[in-house]
Amino acid sequence: MNTYINAQIRALLEETDMIAALANVSACINENYDRLNWAGFYLVRSNELVLGPFQGKTACTHIPFDKGVCGACYSSASVQRIDDVLAFPGHIACDSASRSELCVPIIVNGIVTGEIDLDSPEKERFTQDEEDEMVQAAADIAEAWLKHAWPMPQ
Ligand code: SME
């Protein structure tokens, strides 16, 4: 996958400050994908996930590694594309309007450092093409992580 959104994201990742870069990447995803009610990042801290830059309503600030879609993404280090979050055991409803979710791990040198998390009020909102785009975006973010020497989880 090497689409227009991926090219835009790669340009935004020239920014060296992690918060500034990820804030713009979350805005870029939100602008390119319609029917989202949340687009942003959770970042890995010592023993939990912590809210990062995002677009959307206020959200859960701390998520345990073993809770929710984001916890499953962290623990399995794999993409979680959930067509119906109401059927996902332990789903954390930051916004009760959410119906489907796409969560993609950012893996730097084999370590999960964060996640891209997208929510939609529509069931089965996310396509395989979008999953592929976000997997590419996560790979580009991982490359930027090393290039800009962003902090690894402690
Ligand atoms: N729904 C997520 C929590 C984060 S919010 O969607 C922004 C989960 O179940 O982990």
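Q: What makes strand 1 and strand 2 a hairpin in this predicted model?
A: In this predicted model, strand 1 and strand 2 run antiparallel and are joined by six bridges, while pairing asks for at least two bridges, so the two strands count as paired. Three residues lie between strand 1 and strand 2 in the hairpin that they form, and within the pairing A39 stands opposite Q55 of strand 2.

Q: How do you know that strand 2 is also paired with strand 3?
A: Strand 2 and strand 3 (residues 62–64) run antiparallel with three bridges between them, and because the definition requires at least two bridges, this pair qualifies as well. One of the partnerships is that of E48 with P64 in strand 3, and a hairpin of five residues links strand 2 to strand 3.

Q: Why is D119 said to make a polar contact with the ligand?
A: A polar side-chain atom of D119 lies 2.6 Å from an oxygen atom of the ligand, and since a polar contact is a pair of N or O atoms within 3.5 Å, the distance of 2.6 Å meets the cut-off. By that cut-off, a polar side-chain atom of E101 at 2.9 Å from a nitrogen atom of the ligand also qualifies, as does a polar backbone atom of C70 at 2.8 Å from an oxygen atom of the ligand. The protein covers 99% of the 300 Å² of accessible area that the ligand has on its own.

Q: Where does the ligand sit?
A: The ligand sits in the largest cavity, a description that applies because more than half of its atoms lie within 2 Å of the grid points of that cavity.

Q: Which residues surround the ligand, and which element supplies the largest share of them?
A: The surrounding residues include W38, Y42, G68, V69, C70, H91, E101, D117 and D119. Helix 3 gives the largest share, three residues, and strand 1, helix 3 and strand 6 each supply at least two residues of the shell. By type, the shell divides into seven nonpolar, two polar and three charged residues.

Terms used:
Residues numbered from 1 in each chain as written. Predicted model: local features only at pLDDT ≥ 70, side-chain atom pairs only at ≥ 80, totals over all residues. Heavy atoms only, no water. Near = heavy atom within 4 Å. Polar contact = N/O pair within 3.5 Å; in protein donor to acceptor, adjacent residues only side chain to side chain. Areas by Shrake-Rupley, 256 points an atom, 1.4 Å probe, with all protein chains shown as cover. 1 Å grid on protein atoms, 1.4 Å probe; cavity = no way out; pocket = protein on both sides within 12 Å on 5 of 7 lines; lining within 4 Å. Helix = DSSP H or I, 4+ residues; strand = E, 2+ residues; numbered from the N terminus. Nonpolar A, V, L, I, M, F, W, Y, C, P; charged D, E, K, R; others polar.
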